[in-house]
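Trainee: I would like to go through the terms used for this model and hear what each one rests on. Where should we start?

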Amino acid sequence: MAMSMYQISIPQLTKMLGNLSNILKKGEEFAKAKNIDSAVLVGSRLAPDMFPLAKQVQIACDQVKNGMARLAGVEPPKFDDNATTFAQLQERIAKTIAFANSIKPEQLDGSETKEIQFSIKEWNFEFVGDQYLLTWIIPNFYFHVTTAYNILRHNGVEIGKSDYLGG
């Protein structure tokens, strides 16, 4: 039996957002224990041309809220994109999880063939629902969650694979 659009998205995306929240909590605790300004970690990046931690979290959340909203045919919540603290990043994750959990299976199931069109800057994208979920939302989401993890790990935060994967 094939898994539904809901089954392959909401439970796993919200689980990973929870894991991301726990990773950020460890990052904040690390900063306090080492007497490091947490803004240094929130603004940290792996390479000069990569986005900082705050933007990685923002984009991971946006993949979930915008992607699920497009598939469900609802308006995504609007969040400010100016987080500079761990608390603001945690709030964004919590609001994203709450929004994702507000979407019912029947809103996503059947969206496999739905036409999805959107633009980012000068690029225009066109997908059908299952292609959008499997080749855009999920890979982008994991890229940004993994990069957030790597930024914190690179800065010495004691996190490991079990933190990334969660319970």
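Mentor: With handedness: a crossing is left-handed if the near helix is turned anticlockwise from the far one by less than a right angle, and right-handed if clockwise. The crossing of α1 and α6 is left-handed. Keep in mind throughout that this is a predicted model.

Trainee: What makes α1 roughly parallel to α6?

Mentor: Two packed helices are described by the angle between their axes and the distance between the axes. For helix α1 (residues 10-33) and α6, the axes come within 10 Å and cross at roughly 15°. Angles under 35 degrees count as roughly parallel, so α1 is roughly parallel to α6.

Trainee: Why are α3 and α6 called roughly antiparallel?

Mentor: Their axes cross at roughly 160° and come within 8 Å. The cut-off for roughly antiparallel is over 145 degrees, therefore α3 and α6 earn that description. The crossing of α3 and α6 is left-handed.

Trainee: Which residue classes make up the contact of α3 with α6?

Mentor: The contact residues divide into 17 nonpolar, eight polar and one charged.

Trainee: Where do α3 and α6 come up again?

Mentor: In the lining of the largest pocket, where α3 (53-72), β1 (115-120), β2 (123-128) and α6 (129-154) are the elements that give two or more residues. The most comes from α3, with seven residues.

Trainee: How much space lies in that pocket, and how many residues line it?

Mentor: About 560 Å³ of space lies in the largest pocket. Its lining has 20 residues, and I59, Q63, F118, I120 and W136 lie nearest the centre. By class, the lining has eleven nonpolar, five polar and four charged residues.

Trainee: How do you know whether P52 is buried or exposed?

Mentor: Its relative accessibility is 15%. Buried means under 20%, so P52 counts as buried. P52 lies in the loop between α2 (38-42) and α3. The C-alpha atoms of P52 and A148 are separated by 8.2 Å, although these residues are 96 apart along the chain.

Trainee: And G73, what puts that residue in its accessibility class?

Mentor: Exposed means over 50%, and G73 has 54% relative accessibility, so G73 counts as exposed. The residue sits in the loop between α3 and α4 (86-102). From G73 to N22, 51 residues apart along the chain, the C-alpha separation is 30 Å.

Trainee: What is the phi of N35, and what sets the value apart?

Mentor: Phi of N35 is near 55°, a positive value in a residue other than glycine. Most residues other than glycine have a negative phi. N35 is in the loop between α1 and α2.

Trainee: Why does N35 count as exposed?

Mentor: The relative accessibility of N35 is 74%. The threshold for exposed is over 50%, so N35 belongs in that class.

Trainee: What can be said of K121 on phi and on accessibility?

Mentor: Phi of K121 is near 55°, a positive value in a residue other than glycine. K121 is placed in the loop between β1 and β2. Its relative accessible area is 72%; with exposed set at over 50%, K121 is therefore exposed.

Conventions:
Residues numbered from 1 in each chain as written. Predicted model: local features only at pLDDT ≥ 70, side-chain atom pairs only at ≥ 80, totals over all residues. Heavy atoms only, no water. 1 Å grid on protein atoms, 1.4 Å probe; cavity = no way out; pocket = protein on both sides within 12 Å on 5 of 7 lines; lining within 4 Å. Points joined across faces, edges and corners; volume = space filled by probe spheres on them. Helix = DSSP H or I, 4+ residues; strand = E, 2+ residues; numbered from the N terminus. Nonpolar A, V, L, I, M, F, W, Y, C, P; charged D, E, K, R; others polar. Axes fitted to C-alpha atoms, helices over the stretch in contact; angles between N-to-C directions. Parallel < 35°, antiparallel > 145°, perpendicular 65-115°, else oblique. Buried < 20%, exposed > 50% of the residue type's maximum accessible area, 1.4 Å probe, protein only.
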